[in-house]
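These are my notebook entries on one structure. I set down what I looked up, entry by entry.

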Amino acid sequence: PVTGVATVGTRGSTFDTLLAVYEGTALSNLVAVAFDEDRGGFFTSGVRFNAIRDREYEIAIDGFGGAEGEFVFGWSHEDSIKMLPVIRTQPQSQTVAPGGTAVFSVEAIRFCGQGHPGCPDPMHFPDEEIPLLTYQWTFNGLPIPDATLATLTVSNVQPENLGTYTVQISTRYRTVESVEASLQINDTEQQVQPVLAMDKFLDAALAPVQMQLRLGNPGGGVFARPDGGFQPASIARGYTGTQVFNTSGSTTEGGEEPICGVLGGASEWITFVAEETGRLFLNTDGSSYDTVIAIFRRNPTNSALLQELACDNNGGLDHRDSSTNVFVQAGQTNFIVVDGVNGASGTLRLNYTLVTSSRLRSLGFTPQRAHIVQVSTHAGARFAIQTSTTLTNWATILTTNTPLGLFEYIDDNSIREPRRFYRALMLP
């Protein structure tokens, strides 16, 4: 009946809700006025918006990921000409290299009492004064000193800079807050994959391809040449790296079972796809708190369910970090989840390596009759060359990393052996 600020929400609902407010006369021409996922608390939703007299609004309530149950819908309306600023462009989550730069920005406008963005007429406001917009950025809920512009630049990003950033936009009369934007670090063989760890499983499962962790080469690590040799394939994704993020404020959804039977409460999910078949090694060494980790895939007979492939609680270096590995198929989607024991949270380092197959062949002998062997693999691979005279007992004669896809080794000790077998053991 009057112009002012409306507040609607689903607090008290029994399921994870989504909420949106629209204007329009049909589903085909709806325009979003406000929307929210979790600001109502406990996975419920809540929004405030400028409601104009005699204007019709459509309000939609849905369940996140198809969740359903009993919902509670509450509302209030304040008769006022002191309107909320309107955020047109929200700050976006980012993943950068260690020491990189992140730039967060927001676009907002003033809103007139008559419903006209831009506010050209001071008569629309109390005291005939157009309210100026002011900005205050926050980091993990705390104000950042001197961060009072529409753009925030975070330089030389380190683990202590990781977490959630928001901006509060104020007039003389009202304040609104942006959505949360996450800042994370990725280093995959000195390149950045824009991977994001996410609090909710479905957010990770439905993430765009560029936000999924992908390792290996779609064409495989090596391929055959016409002369019978092997040529390394080009590196497309990388095979080893680290994702660093902060889990403060993370939650555990209803229906999440404890990982490895360990009570958690601050889980984060990452979607992983191997471009090559191999063994995925994961650990949380270097994290600031006690972690537990697991790898899942969708159940082959029921895609609505997850099948656990591997999990670990205290297998890391300090027996508080976690470490596990699992065989993964090329092209198969897997889900990595890390939680904090008893709900612990902090800085999480997820270290990963995809170990793929290699090929070993003989290149003949030196003039001194020392055997020459060649390993065909991907650049940066770590492996051991082992020998045996019986094919039963094997001894390691070299452990190394190769900067190139082809590695040749001369075994001087083979001069004294009438018979000698070789194999390459790929290492994480």
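**Salt bridges**

I began with Glu23, which is partly exposed at a relative accessible area of 24%; by the cut-offs I use, buried means under 20% relative accessible area, exposed over 50%, and partly exposed in between (1.4 Å probe, protein chains only). The model is a predicted one: local features need pLDDT of at least 70, side-chain atom pairs count only at pLDDT 80 or more, and totals for chains, interfaces and linings use all residues. Residues are numbered from 1 along each chain as its sequence is written, and side-chain values use heavy atoms, with hydrogens and water left out.

I looked up the partner of Glu23 and found that its side chain meets that of Arg55 in a salt bridge (3.6 Å, N to O). Glu23 lies in strand β2 and Arg55 in the loop between β4 (46–51) and β5 (58–63), so this pair ties together parts that are 32 residues apart in sequence. Arg55 is likewise recorded here as partly exposed, with a relative accessible area of 34%. For a salt bridge I require a side-chain nitrogen of Lys or Arg within 4 Å of a carboxyl oxygen of Asp or Glu. Strands (E, at least two residues) and helices (H or I, at least four) are DSSP runs, numbered from the N terminus.

I then asked how many salt bridges the structure holds. The count is 9. As a general note, side chains of opposite charge can pair when their charged atoms come close.

Next I took Lys200 and Asp16, whose side chains meet in a salt bridge (2.7 Å, N to O). Lys200 lies in the loop between β16 (181–188) and α1, and Asp16 in the loop between β1 (4–9) and β2, so the pair ties together parts that are 184 residues apart in sequence. I checked whether these two residues are buried or exposed. Lys200 counts as buried at 2% relative accessibility, and Asp16 counts as buried at 11%. I also noted a network of salt bridges that links Asp16, Glu37, Asp38 and Lys200.

The third pair I examined is Glu78 and Arg174, with side chains in a salt bridge (3.2 Å, N to O). Glu78 belongs to strand β6 (residues 74–79) and Arg174 to the loop between β14 (163–170) and β15 (175–177), so the pair ties together parts that are 96 residues apart in sequence. Glu78 is partly exposed at 38% relative accessibility, whereas Arg174 is buried at 12%.

**Thr17**

I turned to Thr17, in strand β2 (residues 17–23). Thr17 is buried, its relative accessible area being 0%. Its side chain makes a polar contact with the side chain of Thr10 (2.7 Å). A polar contact is a pair of N or O atoms within 3.5 Å; within protein, one must be able to donate a hydrogen and the other to accept it, and residues adjacent in sequence count only if both atoms are side-chain atoms. Apart from neighbours within four places in sequence, Thr17 is in contact (heavy atoms within 4.5 Å) with Thr10, Glu37, Phe43, Thr44, Ser45 and Asp62.

**Phe281**

Phe281 lies in strand β22 (residues 278–283) and counts as partly exposed at 24% relative accessibility. I looked up its relation to Tyr352: the two are 71 residues apart in sequence and 5.6 Å apart in space, C-alpha to C-alpha. Not counting residues up to four places away in sequence, Phe281 touches Thr324, Asn325, Asn351, Tyr352, Thr353, Val355 and Pro428.

**Positive phi**

Most residues other than glycine have a negative phi. I noted Asn140, with phi near 50 degrees, in the loop between β11 (134–139) and β12 (142–143). Asn140 is partly exposed, at a relative accessible area of 33%. I also noted Glu189, which has a positive phi of about 50 degrees and is found in the loop between β16 and α1. Glu189 counts as partly exposed at 29% relative accessibility.

**Second largest pocket**

My last entry concerns the lining of the second largest pocket. It comprises 25 residues, of which Phe201, Glu253, Gly254, Gly255 and Glu256 lie nearest the centre of the pocket. A pocket is, on a 1 Å grid over the protein atoms alone, an open set of points where a 1.4 Å probe fits, with protein on both sides within 12 Å along at least five of seven lines; lining residues have an atom within 4 Å of a point. I asked which element gives the most to this lining. That element is β24, with 5 residues.
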